[in-house]
Amino acid sequence: MTVYEGQKLLIANRGEIAVRIIRTAKQLSLRTIAIYTPSDASSPHVSLADEAVALPLPDNASGESEAKAYLSPASILSICQEHHVTLVHPGYGFLSENAEFASLLSNAGITWLGPKAEIIKIMGMKHEARKVAVKAGLSVVPGSDGLVETVEYALKVARDIGFPVILKATAGGGGMGMVICRNEIELREKVSETQDRAEILFGNNGVFLERYFPKARHIEIQVFGNGEGDVVHMAERECSVQRRHQKVIEESPSPFFEDHPGLRERMSQGAVELCRLINYASAGTIEFIVDNKTGGFYFLEINTRIQVEHPITEATHPGLDLVRLMIQQGISERKYGYGLKPESEEMQQATYNALRVGGGSIYSIEGRIYAENPVEQFVPSPGLLQLVDLPSERHDWLRIESWVATGITITPFFDPLLCKIIVRGSSREEAVHRFKQALDECKILGPPNNARYLKAITESEVFRAGQATTQFLDSFNYTPCALKILSTGIDSSIQDLPGRTIGLGIPRSGPMDSLAFSAANILVGNSPATEGLEIVVVPGVAFCTQFFVPTVVCVTGKDVLVKVDDQLVEMWSRIRIPAGGKLKLDAKPAGENITGFRVYVAVLGGFPDVPSYLGSKSTSMGLGGYQGRSLLPGDQLSLRDCEPKLDEENQIIALPRSLVPTYPSHWVIHVLSGPHDDEEFLTSEGITKFYNTRWRVSASSNRLGIRLESSEKFEWANITGGEGGSHPSNILDNGYAPGTINVNGDTPVILTREGPDMGGYVCLCTVASAEMWKLGQLSPGSSVEFRRVSWSATIQQNEVVSTWLAVVHEIASTFSFSGNLDGNILYRTDEDDISQKPVLYRKAQDAIGAESESQVVFKQAGDSAILVEFGTMTLDLSKRAHIHAFEAKVKETSIQGILSFCPCIRSILIHFDPFLISQADLLRELVKSENSVPDSLSTMEFPGRRLTFPIVLDDSWNREALERYMRSSRNKAVYLPSNIEYLARNNGLIGGSEEALRKLIGSDWLVLGVGFYLACPFLVPIDPRCRLVGQKMNPSRTFTPRGAIGIAGPVSAIYPIESPGGYQLFGRTLPGWQTWGNGPNFHPDRPWLLQAFDQVHFEPVTEEEYIKLEKQFDAGEYSFKIESTTFSMADHAVFLDSIQEDLDEFRVRQKEGSINEEKRERELLMEWEAEKLTQQDSGNSEVQETHDGGATVTASIFASVWKIKCRIDDVITSPDDLLLILEAMKTEIPVRAGEDNVGKTVKGFGKGIKEQAVVRPGDVLVVLD
């Protein structure tokens, strides 16, 4: 039995020091317990410890409460007692020098790994510590004999010792509570101010005064005592590189000692004598200020804890572990009543002298990487760490102490320390070189940090020469190679090409207008695919950014005003920006009839510190880009060395105006027919009407899809979508090609860069890939018509686009263009609409033909995809088996040009590269593969996995989502107020909601497809008697909890994240998506869990149990129960035969229930729509229309009025007064009064202006008197 058995160590800290302490404890087989707050729940110290306990927080706790939780002695003592803790290590910071906490633990019989409480108390008061140091024979900095009580006393002391002086909080630490005063005027002003600040920071307003040494060294001695008067030292650490009295870089040995022989020995001996005097126990540090001129040294303070920088002492003493020593001292105190024995090896000075000498000539340097922004006065930079790659295991000379990992969010609640880099070398020069190498290799990408600042310090002559003093950084100039966002326009985001090409519902993202984006990159000198900015600006809402270094950029896209330091410059040209220069993009006034929508800015070299996520830097919803979001003012993006080359300084590189693409107000977009624009879904007249209609682009459009509006109604061929849903636009889920025109109800939506890749709506036609760039320039209010073209015509247009880009390349590389190409070739409107059928090939195996369950239909889905449909629009597992077999056959043939597959319930979408294989050739190969599939699949077996998911049935989170829906969206519907009760009625279940829930967990579920959004699984119960059906909610919810499970048609889905949704909810489980791939069942390159033919078993749990499991899941600790299984078609057929009678009875009741509920829903929908119209007509009663004279404020964009923020008779007091908020492209657009209207009074509103009203550019919004 070792001395550590039966002991339990609580770490009263967090972050890297908690991880470091746990590592040593594990080496000793000492059980550990971590404490944490909600924001730390997924931090590594929580998962590494043997136990973890949440700190108590008040209800509605804030971030401030979280920080205070680690500072509560009573709370931590209570945890210690409840969990039988015997030892507590406080780390540094928080309660590490809190005498009250140490005393509480000791009185409770818990061993404090540190000095006694009375020592902490005495030495923690710096003015008292000075007195003790004098008794020990140490010199102290000249200053006050005690606390400064009055200004007069402070002035007297300052006159005696001379200026400059420094006021210090006696209870201070961490560099806080210090104020330098250079003359009597400053001292008079600062005494009371410093006292007040000390009271706020430390709960003690005591301050004392010392002489301030402008050119000084900060050198400290590491000591260790056994509490019996025996003390050893481990030599020095120099910490002179400081900012605002906080250490940044530390090193050992001190370069100062090379020119001052004997100084190390004198300082070390002085530190030891001080600690002997007070019978110091455990690890501690004696800090000295050293006069850079004379070498005289003065006691500053003693830190009665382990120091942040202790690893460099361990590095220069190979084999030393200070944490282990602290634990050994504590165990000895606990077991024997005294510390380590004087004769023990650990208490012999010779031991540490030998370690230092025995390791050879060792130099060590430590740098602290903080989440802070050096260019913004080191303000903390909280945010998401999108990539953490630390080379901890790559070099034997490198040690990294860290707590961060990819996906961790740095909160503003705690110290921003991310990690410490510790290197060692055989010389100082080698250590410095290795330190710079380590900084280069460490990748911590996300919000700004100080890594490049640290490297700049080490590259300075002062640091390389070992001449840095405590004032060195005060005059150190640092300019980051970066830009700062000052204003973002309506929206700004980082995009690249080709985006994410994984499929599985992971958004492709990338620029909406790839043509303008590519041209900007080419003209600036980048690869066309390099990441750049996509920006939307409207009049009055500009984009502006400042570049800290000389930069080259190019601006393309919508015609806007481009200014560099207020000077107009040309778009579609290479623009040079000086260091400190500002680039501003302003929309031209609405009256100038400017068309287009998006602007692109390419920067030479791109943004190297924006990490790729799943193969792309593009910004999506919560993924990629910078922080997984659109840019915000204050964001800082690192750049490469992006100054123009010398040979390009005087070259003018610009695209001739004749080559600039045209952006009309009415767009003709070429599409390929299919997959669903035929009489199976629309009448022939309805098909003609669709292509003859001029559709208007809705203000509700965004990067997910372009919503189109018209007074024309669809002429559907069916009343319902059958098993697909109650509306004729509903189908059983199938794959969506990029650019497909998807019809949701009676609203067509062009699916764009963020759109889903599968779903349950009809797709009439698909935009030709050469025309996709146009979608990026469709502005709200512009109009669109679709013209069908052949597959060969789209390939020809692709070649035209390639030719245009080649010309841009030529101009960028040769600075000239001699051809006669015209930009109008990109926008041709002379082709006629060609009526065509979407069906490429139909294979029917019996006389029933088109209605045959065995038919296979190959349909066109744009110029780079083919949709293959199997049988009729019904859910049948034999069809899914057929699809699976067909996919396997196609993969066996290794057809060149196939990019990916998107299998669904009764169809599969095959994506291909039309430049590698033609549509006709691919069709021929696909038909050949289909013909090789056996006629009978009854003996097929599909290996898979059986995964157990916890589920909370009828949970409070989903009920809350429905309540929110009823308050904000719709309050009357057949599925309200309970989705579960609706499902029971809709399926004819006599037992009501209880029977519905029993059925929903009464069978294992089979995953039929994975996609839509973030690998969302589509699954159905294997037992058809448990397959409940339900309609989609209309309109959809704006909020659905992560992990919610819902039903639409006969199919269910598990929502991967919080999102909108329309499925009928019945429970909540863990999602099958882990954004950063944390956990044993995920990987960073595969953050999704489920795949086709997996089987899911739901195991009911309580909400309390679920909350615990969710925390484990988020921390990457949850492991799903996974068993191997096989789905056998033969066994399933036998099972179906055995339940046929029950199944027939169930389906009769189900059909009756569905008919009744559909009828009720039609009535309730009409009632709700009528009420909504009445409310709109009666709303905004205070809005008074007026048109007679007065100044006006007009709309700058096609949008809807979201909120009216002013009232009649309001007086404009500021240019920033908010009058209205418009909404366009799912983005809020503030309408402010403006400088010219200050002092005017709101007289009324323009015609028809009310909330939800649609406005066009130039429409009067507000009339002012």
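This passage walks through a sheet, a set of paired strands, two nonpolar cores and a helix pair in a predicted model.

A good place to begin is the open sheet, whose eight strands follow the order 13-12-9-10-11-14-21-19 with antiparallel pairing. At its edges stand strand 13 (297–303) and strand 19 (398–402); each has a single partner strand, so one side of each is left without a neighbour in the sheet. From one strand to the next, the twist averages 25°. Within this sheet, strand 11 (residues 246–252) and strand 14 (residues 363–370) are joined by four bridges in the antiparallel sense, and Ser252 has Ser364 of strand 14 as its bridge partner. The sheet also carries a helix: helix 15 (residues 451–458) packs on it and touches strand 10 (231–243), strand 11 and strand 14. The direction of helix 15 makes about 50° with that of strand 11.

Further along the chain, attention turns to strand 59 (residues 1218–1224), which is mostly covered, with five of its seven residues buried. Strand 59 pairs with strand 58 (residues 1199–1204) in the antiparallel sense over four bridges; here Ser1200 finds its bridge partner in Glu1223 of strand 59. Strand 59 also runs antiparallel to strand 60 (residues 1227–1232), to which six bridges join it. Leu1222 is matched in strand 60 by its bridge partner Ile1229.

Next comes the nonpolar interior. In soluble globular proteins, nonpolar side chains tend to be buried together. The largest nonpolar core of the model has 118 residues, and Leu585 and Phe786 are those with the most contacts inside it. Helix 17 (residues 514–524) supplies the largest share of this core, namely eight residues. Leaving aside residues up to four places away in sequence, Leu585 touches Ile535, Val537, Ala542, Phe543, Val555, Val560, Leu561, Val562, Val599 and Val601. Another core lies apart from this one and has 54 residues, among them Leu962, Ile1047, Leu1090 and Val1096.

Finally, a helix pair deserves a look. Two packed helices are described by the angle between their axes and the distance between the axes. For helix 6 (residues 117–124) and helix 7 (residues 126–135), the axes come within 5 Å and cross at roughly 100°. The two helices, helix 6 and helix 7, are therefore roughly perpendicular to each other. Helix 6 contributes Ile122, Met123 and Gly124 to the contact, while helix 7 contributes Lys126, Glu128, Ala129 and Val132. Sorted by class, the contact of helix 6 with helix 7 has four nonpolar, one polar and two charged residues.

Definitions and conventions:
Residues are numbered from 1 along each chain as its sequence is written. This is a predicted model: local features need pLDDT of at least 70, side-chain atom pairs count only at pLDDT 80 or more; totals for chains, interfaces and linings use all residues. Side-chain values use heavy atoms; hydrogens and water are left out. Two strands pair if DSSP finds at least two bridges between them. Axes are lines fitted to C-alpha atoms, for helices over the stretch in contact, and angles run from 0 to 180 degrees between N-to-C directions. Contact means heavy atoms within 4.5 Å. Buried means under 20% relative accessible area, exposed over 50%, partly exposed in between (1.4 Å probe, protein chains only). A nonpolar core is a set of buried Ala, Val, Leu, Ile, Met, Phe, Trp, Tyr and Cys residues joined through side-chain atoms within 4.5 Å. Angles under 35 degrees count as roughly parallel, over 145 as roughly antiparallel, 65 to 115 as roughly perpendicular and the rest as oblique. Ala, Val, Leu, Ile, Met, Phe, Trp, Tyr, Cys and Pro count as nonpolar, Asp, Glu, Lys and Arg as charged, and the others, Gly among them, as polar.
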